[in-house]
Amino acid sequence: LPACFVLCLGILVCSGVGQNIPVPDLAYPYDALEPHIDEATMVKHHTGHHAAYAKKLSDALSAMRPQPETNYITKLGVDYLIRHLDKVPDQYRATIRNNGGGYVNHVLFFQTLGPNGGVGEKDLPVLKDISSTFGSFEAFEKEFTNHASTIFGSGWAWLYLDHTDDKLKLMSTPNQDNPAMLGRHTPILGLDVWEHAYYLKYQNRRPEYIKAFWNVINWIEVDKVYAAAKSANGKLHDEL
């Protein structure tokens, strides 16, 4: 990928935002998450919805490049833009929020999924910290599931690192918002509960989809995101 690097979100995003922003390939086949998430959904979700967010984000940034007052912010990276939406001009802010959010949310979502998921690596630092923070993994799973189940309409459930106290916390957000837009926060794990993420298989049975999600989490990747977020903590405090 051109001019890409790991930013504070702990995910791969492109700093060369004047170019078309790429949709990262999956690290597994589209049918690898069967029977929990079906192949048809994965294809549509990745090549359709995720690709559309990338294109609309690229188009918006391309429109901003020729303008002297906005050219400089197109060079700062997607991570910076969604953390500093107040610096994006009014006419572009909703587009960057919705499609920049949609882009990075889906990069993280697909990165942290995988076949043979579930809690198999109990010694991972992220799992140890989840258990110590929430009392047990089971308590965390129950609380996260409640966040995902009670979102009205479309949105996301999140595990995130709060850089103000270096603690893991939970929240839900509407639409394509994420915790990074709302403070000194870095998303660690997100569950997409837009209907496009599950409707072909589960129709309106969101609770079944949420239950299935726990079988396809790649905790090794989640731990990498967590480690990157913790290492970026000092930089993030300086920036904000």
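Buried means under 20% relative accessible area, exposed over 50%, and partly exposed in between. The legends below use these terms for a predicted model.

**View 1. The acidic residue D162 pairs with K169.**
D162 and K169 form a salt bridge, with 2.8 Å between the closest N and O atoms. D162 has a relative accessibility of 5%, so D162 counts as buried. K169 has a relative accessible area of 26% and is partly exposed. D165 joins D162 and K169 in a network of salt bridges. The structure as a whole holds nine salt bridges.

**View 2. D166 and K230 link distant parts of the chain.**
The two side chains meet in a salt bridge, 3.2 Å from N to O. D166 sits in the loop between β3 and β4, while K230 belongs to helix α9. In sequence, D166 and K230 are 64 residues apart. D166 is partly exposed at 32% relative accessibility. K230 is also partly exposed, at 32%.

**View 3. R205 meets E208 in a salt bridge.**
The N to O distance between these side chains is 3.0 Å. R205 has a relative accessible area of 32%, which makes R205 partly exposed. E208 is partly exposed as well, at 40% relative accessibility.

**View 4. D38 is buried without a salt bridge.**
D38 lies in the loop between β2 (12–14) and α1 (39–64). K201 carries the nearest side chain of opposite charge, 5.8 Å away. A salt bridge requires a side-chain nitrogen of Lys or Arg within 4 Å of a carboxyl oxygen, so this pair does not qualify. Leaving aside neighbours within four places in sequence, D38 is in contact with L200 and K201.

**View 5. Helix α5 buries one face.**
V126, L127, I130 and F134 are the buried residues shown in α5. Down the helix axis they fall within an arc of 100°, so they line one face of the helix. An α-helix has 3.6 residues a turn, so residues three or four places apart point the same way. The buried residues of α5 pack against α6, β3, β4, β5 and α9. Just after α5, G135 takes a positive phi of about 100°.

**View 6. I130 and its contacts in the largest nonpolar core.**
Beyond neighbours within four places in sequence, I130 is in contact with G135, S136, F137, F140, L159, L168 and W219. The core has 48 residues. I130, F140, F144, L159, I188, Y209 and W219 touch the most other members. At least two core residues come from each of α4 (90–111), α5 (125–134), α6 (137–149), β3 (155–162), β4 (167–174), β5 (185–192), α8 (206–213) and α9 (219–231). Strand β3 supplies the largest share, six residues. In soluble globular proteins, nonpolar side chains tend to be buried together.

**View 7. Another nonpolar core lies apart from the largest one.**
This core has 18 residues. Among them are L61, M64, V78 and L85.

**View 8. The protein as context for the close-ups.**
The secondary structure comes to 10 helices and five strands. Of the 240 residues, 51% are buried. The protein exposes about 10,600 Å², with carbon and sulfur atoms supplying 52% of that area. Among contacts between residues at least 6 apart in sequence, 67% join residues at least 24 apart.

Notes:
Residues are numbered from 1 along each chain as its sequence is written. This is a predicted model: local features need pLDDT of at least 70, side-chain atom pairs count only at pLDDT 80 or more; totals for chains, interfaces and linings use all residues. Side-chain values use heavy atoms; hydrogens and water are left out. Helices (H or I, at least four residues) and strands (E, at least two) are DSSP runs, numbered from the N terminus. Buried means under 20% relative accessible area, exposed over 50%, partly exposed in between (1.4 Å probe, protein chains only). Lys and Arg count as positive and Asp and Glu as negative; His and the chain ends are not counted. Contact means heavy atoms within 4.5 Å. Accessible areas come from the Shrake-Rupley method with a 1.4 Å probe; for residues, only the protein chains shown count as cover. A nonpolar core is a set of buried Ala, Val, Leu, Ile, Met, Phe, Trp, Tyr and Cys residues joined through side-chain atoms within 4.5 Å. The arc is that of the directions from the helix axis to the C-beta atoms.
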